[in-house]
Amino acid sequence: MTKLIGIISLISLWLSASVFAADAQHCVSLDDNWGNSCGSPDSLQIKVKNGCSQTIYVKMCIEKKDGKWSCGSDSTLAPGRTNTGFYTCHATSRYKWSACTGGYKECGFKNL
């Protein structure tokens, strides 16, 4: 019986972490700013604010005009904090992002 309770507890913990990981993007806000980086009017900076109740992992990729992607991540974005370090010079308007609690393997889009 004790083993069964332990197994159920572990499954519940795993499921609750998975649910939050999927919901982490819902408590993150993004603010894009054009022309404030690199001394270039076509630079794009994305500010990421963590509105979640726990520390999250954020991955951000911004497309450059040459078609390549400039990617970065923050593995310890604490609740209420903002990361202002995601930017690309000579950017298109396209970007992809992901936020989760389980690290880079959980946050998706490994290859662009």
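**Note on a predicted chain with three disulfides**

1. Start at Cys 61. Its relative accessible area is 0%, and Cys 61 is therefore buried. Keep in mind that the model is predicted. Cys 61 belongs to one of the disulfides treated below, with Cys 71 as its partner.

2. Overall layout. The protein chain has one helix and six strands. Along the sequence they follow the pattern α-β-β-β-β-β-β. The helix thus comes ahead of the strands in the sequence.

3. Burial and surface. The protein chain has 112 residues, and 30% of them count as buried. Its accessible surface comes to about 7000 Å². Carbon and sulfur atoms account for 54% of that surface.

4. Contacts across the sequence. Take the contacts in the protein chain between residues at least 6 apart in sequence. Of these, 60% join residues at least 24 apart.

5. Disulfides in general. A disulfide is a covalent bond between the sulfur atoms of two cysteines. How many does the structure hold? The count is three. Each one is taken in turn below.

6. Cys 61 and Cys 71. These two cysteines are joined, with an S to S distance of 2.0 Å. The torsion about the S-S bond is 115 degrees, and the link is right-handed. Cys 61 lies in strand β3 and Cys 71 in strand β4 (residues 69–77), so the disulfide ties together parts 10 residues apart in sequence. Is Cys 71 buried or exposed? Neither label fits: Cys 71 has 43% relative accessibility and counts as partly exposed. Cys 61, in contrast, is buried at 0%.

7. Cys 27 and Cys 52. Here the S to S distance is 1.9 Å. The torsion about the S-S bond is about 80 degrees, so this disulfide is right-handed. The pair links distant parts of the chain, 25 residues apart. Cys 27 sits in the loop between α1 (2–23) and β1 (28–34). Cys 52 sits in the loop between β2 (44–50) and β3 (56–64). Cys 27 is partly exposed, with a relative accessible area of 23%. Cys 52 is buried, at 5%. Why do the two labels part ways? Buried means under 20%; Cys 52 has 5%, whereas Cys 27 has 23%.

8. Cys 38 and Cys 89. The sulfur atoms of this disulfide are 1.8 Å apart. What is its handedness? The torsion about the S-S bond is about -80 degrees, so the disulfide is left-handed. Cys 38 lies in the loop between β1 and β2, and Cys 89 in the loop between β5 (82–88) and β6 (91–100), so the pair ties together parts 51 residues apart in sequence. Cys 38 is partly exposed, with a relative accessible area of 40%. Cys 89 is partly exposed too, at 28%.

9. The sheet. β1, β2 and β5 form an open sheet of three strands in the order β1-β2-β5, with antiparallel pairing. β1 and β5 stand at the edges, each with a single partner strand, so one side of each has no neighbour in the sheet. Neighbouring strands are turned by 20 degrees against each other on average, direction ignored. β2 and β5 pair over five bridges. Ile 46 has Phe 86 in β5 as its bridge partner.

10. A buried polar position. Asn 33 is found in strand β1. Its relative accessibility is 17%, so Asn 33 counts as buried. Which residues does Asn 33 touch, leaving out those up to four places away in sequence? They are Ser 43, Leu 44, Gln 45 and Lys 47.

11. The nonpolar core. In soluble globular proteins, nonpolar side chains tend to be buried together. The largest nonpolar core here has 14 residues. Ile 46, Val 48, Ile 56 and Val 58 touch the most other members. β2, β3 and β6 each give two or more residues to this core. β3 gives the largest share, four residues.

12. Val 58 up close. Leave aside its neighbours within four places in sequence. Val 58 is then in contact with Val 48, Gly 72, Ser 73, Asp 74, Leu 77, Phe 86, Ser 98 and Ala 99. One of these, Val 48, is also among the core residues that touch the most other members. Another, Phe 86, is the bridge partner of Ile 46.

Terms used. Residues are numbered from 1 along each chain as its sequence is written. This is a predicted model: local features need pLDDT of at least 70, side-chain atom pairs count only at pLDDT 80 or more; totals for chains, interfaces and linings use all residues. Side-chain values use heavy atoms; hydrogens and water are left out. Buried means under 20% relative accessible area, exposed over 50%, partly exposed in between (1.4 Å probe, protein chains only). Contact means heavy atoms within 4.5 Å. Accessible areas come from the Shrake-Rupley method with a 1.4 Å probe; for residues, only the protein chains shown count as cover. A disulfide is a pair of cysteine sulfur atoms within 2.5 Å. A nonpolar core is a set of buried Ala, Val, Leu, Ile, Met, Phe, Trp, Tyr and Cys residues joined through side-chain atoms within 4.5 Å. Two strands pair if DSSP finds at least two bridges between them. Axes are lines fitted to C-alpha atoms, for helices over the stretch in contact, and angles run from 0 to 180 degrees between N-to-C directions.
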